[in-house]
Amino acid sequence: MQNYSGYQTPHLTTATTAPLHLLERQLIHHENAIENWFLEQWRLTPAPVYGSVDLRNAGFKLAPVDMNLFPAGFNNLNKDFLPLSITAATVAVTKFLPDAKNILVIPENHTRNPYYWENIKTLLYILKEAGFTAELGSLLEDAQDIPLSSGEKLKLETIIREENRIGLKNFKPDIVLLNNDLTEGIPEILQHLQQPIIPPAELGWHQRLKSGHFQYYADVSQEFAKLIDIDPWFIAPLFHHCGELDFMQREGESCLVKNIKQLLSDIQKKYDEYEIPHKPFVIVKADAGTYGMAVMTVRDAEEVHSLNRKQRTQMAKTKGGQPVHSVIVQEGVYTFETWGVGNSVAEPVVYLWGERVVGGFYRVHKERGVDENLNSPGMHFEPLAFVKTCHKPIADAPNGECQNRFYAYGVIARLSMLASAREILEQKK
């Protein structure tokens, strides 16, 4: 096994200028074995139609911290490389329905976020350029066209149902593509349909748990680590789950404190083993949901006892006002990547259609630290140019070749996608 002891803090600026670290070199060294392994895994367990993976790169550790089956940032991808998405989308959709031609895209119900609708505009563009006819169908009864900043409008119609099929007044789709995470549950109109729904509605946040995904990911990372002879900790965050919580009533607080203490201790043991000179921290976040809501950094378990009312209120609800009754207590992974002249803290987000990495971007935050959640107000995005970068590293590249860093990102993102594929397979049983 590779020796990672004696680690020193990396001096990253961006992924395109920083030296490669030992973990990344190990991934590149085993490229042939890795790609053959993935081919076999996708044969056994087909990938979800699309997804996005939030990564954190601490140099000594490169790991996913979130995985979204209903990605909402296609507008942040590098426009010059959308052909990668177009090609991959064709393959990803037709794997689920080989003769698919008409796709009904179901977006989120909220209409206040203009960036979300730019995401939908880009998603429709990808699908149409891939040769499909794609239309928007809303779960809202009073759906209205959506104005964009460009002056255009997105046509949005209310979905109608006839027997066991859904569609629009003048559009009969073959397949339904969800871009709605169904936090509030599966509406009756989407239940017991003849048409395929991708990703499965059962994997919405009303049912899916982050702790469940990361257990699948832990299993995947164990298998993968054996393949390339590394400690799986270098690519997987440790985590605990804590349920039966009520932040406002302070119920379940002792359970939360106990889990945080145990996890901080477990992380410290790993830091000691590899001589990592940093203080462990954990991220406590709602076990279901997205948009960076109900998330906090904890560096000492006793901090939980001193949460003020505002902090408890922020942790009590997630998207759509859904109450938080369970959390994932996840190992905090530092990000030592920064962007721009101000050295703003950054983290990569990788996008996939099926098994193929198609692009990504940095989430950048000028006001957050290296141990904090960046998915919060004040963030902005910087697109990454994924061309050859995630599929073929350069074996003899000098330190700092972006292809090799991006290849490492792509490997870890695909591991998370594989974990999601196993989630879906289990859900079907």
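A salt bridge is taken here as a side-chain nitrogen of Lys or Arg within 4 Å of a carboxyl oxygen of Asp or Glu. By that criterion, a search of the whole structure, which is a predicted model, finds 17 salt bridges.

Several of these pairs connect parts of the chain that are remote in sequence. E35 and R414 meet through their side chains, with N and O 3.0 Å apart. E35 belongs to helix 2 (residues 31-44) and R414 to helix 8, and 379 residues separate the two along the chain. R414 is a buried partner, with a relative accessibility of 5%.

Helix 8 takes part in a further bridge, between R208 and E423, whose closest N and O atoms are 3.0 Å apart. Because R208 is located in the loop between strand 11 and helix 5 while E423 is in helix 8, this pair ties together parts that lie 215 residues apart in sequence. R208 is buried, at 4% relative accessible area, and E423 is buried as well, at 6%.

The bridge between K261 and E302 offers another setting; here the N to O distance is 3.3 Å. K261 is in helix 6 and E302 in the loop between strand 14 and helix 7 (309-316), so the pair joins parts 41 residues apart in sequence. K261 is partly exposed, with 46% relative accessibility, and E302 is partly exposed too, with 40%. Elsewhere, D54, R56, E347 and R363 are linked in a network of salt bridges. As a general principle, side chains of opposite charge can pair when their charged atoms come close.

K285, in strand 13, presents the contrasting case of a buried charged residue without a salt bridge. Which side chain of opposite charge is nearest to K285? It is that of D66, at 4.2 Å; since a salt bridge requires a separation within 4 Å, this pair does not qualify. K285 nevertheless has polar partners. The backbone oxygen of V65 lies 2.7 Å from a polar atom of the K285 side chain, and the side chain of Q330 makes a polar contact with that of K285 at 3.1 Å. Beyond its neighbours up to four places away in sequence, K285 touches V65, D66, K210, A294, V295, M315, V327, I328 and Q330.

The nonpolar interior can be approached from the residue that precedes K285 in the numbering. V284 is one of four residues, together with F247, L256 and I260, that touch the most other members of the largest nonpolar core, a set of 96 residues. Helix 8 (residues 402-428) gives the most to this core, contributing 13 residues. Leaving aside neighbours within four places in sequence, V284 is in contact with L256, I260, A294, V295, M296, V298, M315, V327, I328 and V329. Apart from this core lies another, of 38 residues, including F74, L77, A92 and L177. In soluble globular proteins, nonpolar side chains tend to be buried together.

A294, which appears among the contacts of V284 and also among those of K285, has an unusual backbone setting. Most residues other than glycine have a negative phi, and most peptide bonds are trans. A294 is not a glycine, yet its phi is positive, at about 55 degrees. The residue is found in the loop between strand 13 (282-286) and strand 14 (295-298). With a relative accessibility of 4%, A294 counts as buried.

R250 likewise shows a positive phi, near 60 degrees, in a residue other than glycine. Its place is in the loop between strand 12 (239-242) and helix 6 (253-273). Is R250 buried or partly exposed? Its relative accessible area is 32%, and R250 is therefore partly exposed, since buried residues fall under 20% and exposed ones over 50%.

The remaining backbone feature concerns a peptide bond. The bond from I198 to P199 is cis, with omega near -15 degrees. P199 sits in the loop between strand 11 (197-198) and helix 5 (210-228), the loop that also holds R208.

Helix 5 itself contains G212, which is partly exposed at 26% relative accessibility. G212 and N68 are 144 residues apart in sequence, and their C-alpha atoms are 13 Å apart in space.

Note on methods: Residues numbered from 1 in each chain as written. Predicted model: local features only at pLDDT ≥ 70, side-chain atom pairs only at ≥ 80, totals over all residues. Heavy atoms only, no water. Core = buried A, V, L, I, M, F, W, Y, C linked by side-chain atoms within 4.5 Å. Buried < 20%, exposed > 50% of the residue type's maximum accessible area, 1.4 Å probe, protein only. Helix = DSSP H or I, 4+ residues; strand = E, 2+ residues; numbered from the N terminus. Contact = heavy atoms within 4.5 Å. Lys, Arg positive; Asp, Glu negative; His and termini not counted. Polar contact = N/O pair within 3.5 Å; in protein donor to acceptor, adjacent residues only side chain to side chain.
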